[in-house]
Amino acid sequence: MEYLTSAECAEKWGVSQRRVAVYCKEGRIEGAVIRGKMWLIPEKAKKPDDPRRIRKNNSK
């Protein structure tokens, strides 16, 4: 299995490297592992949805 670094995934997904690290730490990227201080993410991993971007429907 081929792995990408968090920096490579950040560029691929159009988010910050810190955001990718948060996804990994929260367990939202399946197969992500930490080696030393570096997160390794499977190259076929999909970008998780960002819960901060979900709008609540305030219908009454």
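Okay, let's start at a bend in the road: just after α1, glycine 14 takes a positive phi of about 75 degrees. Keep in mind that what you're looking at is a predicted model.

Now step back into that helix. Which residues of α1 are buried? They're Ser6, Cys9, Ala10 and Trp13. Look at the spacing of those numbers, and recall some helix basics. An α-helix has 3.6 residues a turn, so residues three or four places apart point the same way. And here, if you look down the axis of α1, the buried residues fall within an arc of 105 degrees, so they line one face of the helix.

What covers that face? The cover over the buried residues of α1 includes β1, α2 and β3. The helix itself lies across β1 and β3, and it runs at about 85 degrees to β1.

So, on to the sheet. We have three strands in an open sheet, ordered β1-β3-β2, with antiparallel pairing. The edges are β1, residues 3-5, and β2, residues 33-35, and each of those pairs on one side only. On average, neighbouring strands are turned by 40 degrees against each other, if you ignore direction. Between β1 and β3 there are three bridges, again antiparallel. If you want one to find on screen, tyrosine 3 has proline 42 in β3 as its bridge partner.

Next, the inside. In soluble globular proteins, nonpolar side chains tend to be buried together. In this model, the largest nonpolar core has 13 residues, and Trp13, Val20, Cys24, Ile29 and Ile41 have the most contacts inside it. At least two core residues come from each of α1 (6-13), α2 (17-25) and β3 (38-42). The biggest giver is α2, with four residues.

Zoom in on Trp13 for a second. Leaving out residues up to four places away in sequence, tryptophan 13 touches Val20, Tyr23, Ile29, Ile41, Ala45, Lys46, Lys47 and Pro48.

Last topic: cysteines. How many disulfides does the structure hold? Zero. Why no bond for cysteine 9? Because its sulfur is 7.4 Å from the closest cysteine sulfur, the one in cysteine 24, and that's too far. A disulfide here would need the two sulfur atoms within 2.5 Å. Are these cysteines buried or exposed? Cysteine 9 counts as buried because its relative accessibility is 1%. Cysteine 24 is buried as well, with a relative accessible area of 5%.

That's my tour, thanks for listening!

Note on methods:
Residues are numbered from 1 along each chain as its sequence is written. This is a predicted model: local features need pLDDT of at least 70, side-chain atom pairs count only at pLDDT 80 or more; totals for chains, interfaces and linings use all residues. Side-chain values use heavy atoms; hydrogens and water are left out. A nonpolar core is a set of buried Ala, Val, Leu, Ile, Met, Phe, Trp, Tyr and Cys residues joined through side-chain atoms within 4.5 Å. Buried means under 20% relative accessible area, exposed over 50%, partly exposed in between (1.4 Å probe, protein chains only). Contact means heavy atoms within 4.5 Å. Two strands pair if DSSP finds at least two bridges between them. Axes are lines fitted to C-alpha atoms, for helices over the stretch in contact, and angles run from 0 to 180 degrees between N-to-C directions. The arc is that of the directions from the helix axis to the C-beta atoms.
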